[in-house]
Amino acid sequence: MKNVLTIVARIEAKADQVELVKSELVKLIEPTRREEGCIQYDLHQDRLNPSVFIFYENWESRDLWQMHMNNTHLAEYMQATEGAVADFTLNEMSVIA
């Protein structure tokens, strides 16, 4: 488990685009979970600020995650949500304890 790459991605939708961004994020779940190297791919929505979404992901390797980042379903998401996302932050994490 020490070599697993954990990704924490924070997506904040513009206030008037929450439902669009949410529906497009949900579309990513099933195809991504079927990808080689995907161990975990969970989407969360903030209870107090519903415009904030977090993907918590675990991948077998950074190379396999990079393949995911170049998949067509991610490109389709980017196109569908262009101009609808206020902020995006991605952290590549490693288990230390």
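Visitor: Leaving aside its neighbours within four places in sequence, which residues is Leu25 in contact with?

Guide: Leu25 is in contact with Ile11, Leu43, Phe53, Phe55 and Tyr77 once those neighbours are set aside. Contact means heavy atoms within 4.5 Å. This is a predicted model, in which local features need pLDDT of at least 70 and side-chain atom pairs count only at pLDDT 80 or more, while totals for chains, interfaces and linings use all residues. Residues are numbered from 1 along each chain as its sequence is written, and side-chain values use heavy atoms, with hydrogens and water left out.

Visitor: Where does Leu25 lie?

Guide: Leu25 lies in helix α1. Helices (H or I, at least four residues) and strands (E, at least two) are DSSP runs, numbered from the N terminus.

Visitor: Is Leu25 buried or exposed?

Guide: Leu25 is buried, at a relative accessible area of 1%. The bands are under 20% for buried, over 50% for exposed and partly exposed in between (1.4 Å probe, protein chains only).

Visitor: Which other residues of α1 are buried?

Guide: Besides Leu25, the buried residues of α1 are Val18, Val21, Glu24, Leu28, Ile29 and Thr32.

Visitor: And what do the buried residues of α1 pack against?

Guide: They pack against four strands, β1 (5–13), β2 (38–45), β3 (52–59) and β4 (85–93), and against the helices α2 (62–69) and α3 (72–80).

Visitor: Next, the largest nonpolar core. Which residues touch the most other members?

Guide: The core has 19 residues, and Ile11, Val21, Leu25 and Phe55 touch the most other members. At least two residues of this core come from each of β1, α1, β2, β3 and α3. A nonpolar core is a set of buried Ala, Val, Leu, Ile, Met, Phe, Trp, Tyr and Cys residues joined through side-chain atoms within 4.5 Å.

Visitor: What does Ile11 touch, not counting residues up to four places away in sequence?

Guide: From α1, Ile11 touches Val21 and Leu25. The rest of the list for Ile11 is Ser51, Val52, Phe53, Phe55, Tyr77, Val85, Asp87 and Phe88.

Visitor: Why is β3 largely enclosed by the rest of the structure?

Guide: Because six of the eight residues of β3 are buried.

Visitor: In which sense do β1 and β3 pair?

Guide: β1 and β3 pair in the antiparallel sense, over eight bridges. Two strands pair if DSSP finds at least two bridges between them. Ile7 has Glu57 as its bridge partner in β3.

Visitor: How many bridges for β2 and β3?

Guide: β2 and β3 have seven bridges, in the antiparallel sense. The two strands form a hairpin, with six residues between them. Across this pairing, Leu43 stands opposite Phe55, and Tyr41 stands opposite Glu57.

Visitor: Tyr41, then. Buried or exposed?

Guide: Tyr41, which is found in strand β2, is buried, with a relative accessible area of 2%.

Visitor: What does Tyr41 touch, not counting residues up to four places away in sequence?

Guide: In α1, Tyr41 touches Leu28, Ile29, Thr32 and Arg33. Tyr41 also touches Phe55, Tyr56, Glu57 and Trp59 of β3, and His68 of α2.

Visitor: What separates the C-alpha atoms of Tyr41 and Phe55?

Guide: Their C-alpha atoms are separated by 6.8 Å, and the two residues are 14 residues apart along the chain. For Leu25 and Ala15, 10 residues apart along the chain, the C-alpha separation is 16 Å.
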